[in-house]
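Student: Please take one residue in this chain and look at it closely. I would like its surroundings, then the chain around it.

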Amino acid sequence: MTTNVKIVAVLEALPGKADALKALLDGMLAPSRAEPGNPRYDLWRDQADASRFLLDELYVDADAV
């Protein structure tokens, strides 16, 4: 039996760098979703604080991470 690995990361941009961080994270979406063993890679932006982002990743097992 394999165990999925879930990773949740909260990132906060430095002052004045939120748009640059968003662009960087957006650029990682397609390549990360295309990785073998990665069925889910989502990015969320905090509606109350535009400098805060949440990355939500799911991998099929530890080897896929």
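Tutor: What follows is a close look at Leu-58, then at the chain as a whole. This is a predicted model: local features need pLDDT of at least 70, side-chain atom pairs count only at pLDDT 80 or more, and totals for chains, interfaces and linings use all residues. Residues are numbered from 1 along each chain as its sequence is written, and side-chain values use heavy atoms, with hydrogens and water left out.

Leu-58 sits in strand β3, which covers residues 52-59. Strands (E, at least two residues) and helices (H or I, at least four) are DSSP runs, numbered from the N terminus. Leu-58 has a relative accessible area of 21%, so it counts as partly exposed. Buried means under 20%, exposed over 50%, and partly exposed in between, with a 1.4 Å probe and protein chains only.

Now its neighbours. A contact means heavy atoms within 4.5 Å. Leaving out residues up to four places away in sequence, Leu-58 touches Asn-4, Val-5 and Lys-6, and also Gly-37, Asn-38, Pro-39 and Arg-40. Gln-47 is 11 residues from Leu-58 along the chain, and their C-alpha atoms are separated by 23 Å.

Step back to the chain. It holds 1 helix and 3 strands, in the order β-α-β-β from the N terminus. Its C-alpha atoms fill a box of roughly 45 × 20 × 15 Å along the principal axes. Of its 65 residues, 26% are buried. Among contacts with a separation of 6 or more, 55% join residues 24 or more positions apart.
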